[in-house]
Amino acid sequence: MGLPNKDELKGKANKAKGKVKESMGRALGDREMEHRGAEERRSGTAQENVGKAKRKVGDAIRDVGEAIRK
């Protein structure tokens with residue numbers, strides 16, 4: 001399994017920021033902030049999943065290349 005790529009790292013960061021905004025909005029009673037945070041969290045999750053998929057495809061391609069060289 002390879003190291004996390006740029007999409008995974010950005011996705012994790014966006015997910016964390018969204019979670020903070022969502023919690024702050026809930027604590028302050030600011031529903032708009034809460035909804036924006038939830039949206040950012042979901043977007044970060046999607047971006048992280050895209051990054052994981054890219055990494056898995058890259059790992060599979062590398063494995064096939066190694067198998068061919070043998």
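A salt bridge here is a side-chain nitrogen of Lys or Arg within 4 Å of a carboxyl oxygen of Asp or Glu. The model on screen is predicted, and a search of the whole structure finds 14 such bridges.

**Stop 1: Glu-48 and Lys-12**

Select Glu-48 and Lys-12 and show their side chains. The two form a salt bridge, with 2.9 Å between the closest N and O atoms. Glu-48 belongs to helix 2 and Lys-12 to helix 1, so this pair ties together parts that are 36 residues apart in sequence. Colour by accessibility and the partners separate: Glu-48 is buried, at a relative accessible area of 3%, whereas Lys-12 is partly exposed, at 41%. Now add Lys-15 and Lys-52 to the selection. Together with Lys-12 and Glu-48, these residues are linked in a network of salt bridges.

**Stop 2: Glu-40 and its lysines**

Move to Glu-40 and display Lys-17 and Lys-21 with it. Glu-40 forms a salt bridge with Lys-17, where the closest N and O atoms are 3.7 Å apart. Glu-40 is in helix 2 and Lys-17 in helix 1, so the bridge ties together parts that are 23 residues apart in sequence. Glu-40 also pairs with Lys-21 in a salt bridge, and here the closest N and O atoms are 2.8 Å apart. Lys-21 lies in helix 1 and Glu-40 in helix 2, so this pair ties together parts that are 19 residues apart in sequence.

Is Glu-40 buried or exposed? Its relative accessibility is 17%, and because buried means under 20%, Glu-40 counts as buried. The lysines fall in another class: Lys-17 is partly exposed, with a relative accessible area of 45%, and Lys-21 is partly exposed at 36%.

**Stop 3: Glu-34**

Select Glu-34, which is also in helix 2. Glu-34 is buried, with a relative accessible area of 17%. Which residues does Glu-34 contact, leaving aside neighbours within four places in sequence? They are Lys-21, Glu-22, Gly-25 and Arg-26. For a backbone distance, pick the C-alpha atoms of Glu-34 and Gly-18: these residues are 16 apart in sequence, and the atoms are 8.7 Å apart in space.

**Stop 4: Helix 2 as a whole**

Select residues 31-69, which make up helix 2. The helix has 39 residues and spans 57 Å from its first C-alpha to its last, close to the 57 Å expected at 1.5 Å a residue. At the N-terminal end, show Asp-30. Asp-30 caps helix 2, with a side-chain oxygen 3.2 Å from the backbone nitrogen of Glu-32.

Next, highlight the buried residues of helix 2: Glu-34, Gly-37, Ala-38, Glu-40, Gly-44, Glu-48, Gly-51, Arg-55 and Asp-59. What do these buried residues pack against? They pack against helix 1.

Further along helix 2, select Arg-62. At 40% relative accessibility, Arg-62 counts as partly exposed. Pick its C-alpha and that of Pro-4: the two residues are 58 apart along the chain, and the atoms are separated by 16 Å.

**Stop 5: Asp-7**

Cross to helix 1, residues 6-28, and select Asp-7. Asp-7 is buried, with a relative accessible area of 18%. Not counting residues up to four places away in sequence, Asp-7 touches Gln-47, Glu-48, Gly-51 and Lys-54. Of these, Glu-48 is the residue that bridges to Lys-12 at the first stop, and Gly-51 is among the buried residues of helix 2.

**Stop 6: A nonpolar patch**

Finish by turning on the surface and selecting Val-20, Met-24 and Leu-28. These residues make a nonpolar surface patch of about 310 Å². Met-24 is found in helix 1. With a relative accessible area of 42%, Met-24 is partly exposed.

Definitions and conventions: Residues are numbered from 1 along each chain as its sequence is written. This is a predicted model: local features need pLDDT of at least 70, side-chain atom pairs count only at pLDDT 80 or more; totals for chains, interfaces and linings use all residues. Side-chain values use heavy atoms; hydrogens and water are left out. Helices (H or I, at least four residues) and strands (E, at least two) are DSSP runs, numbered from the N terminus. Buried means under 20% relative accessible area, exposed over 50%, partly exposed in between (1.4 Å probe, protein chains only). Contact means heavy atoms within 4.5 Å. Patches are made of residues with over 30% relative accessible area and no salt bridge: like charges are joined within 9 Å, nonpolar side chains (Val, Leu, Ile, Met, Phe, Trp, Tyr) within 5 Å. Accessible areas come from the Shrake-Rupley method with a 1.4 Å probe; for residues, only the protein chains shown count as cover. The expected span of a helix is 1.5 Å times one less than its number of residues. A polar contact is a pair of N or O atoms within 3.5 Å; within protein, one must be able to donate a hydrogen and the other to accept it, and residues adjacent in sequence count only if both atoms are side-chain atoms.
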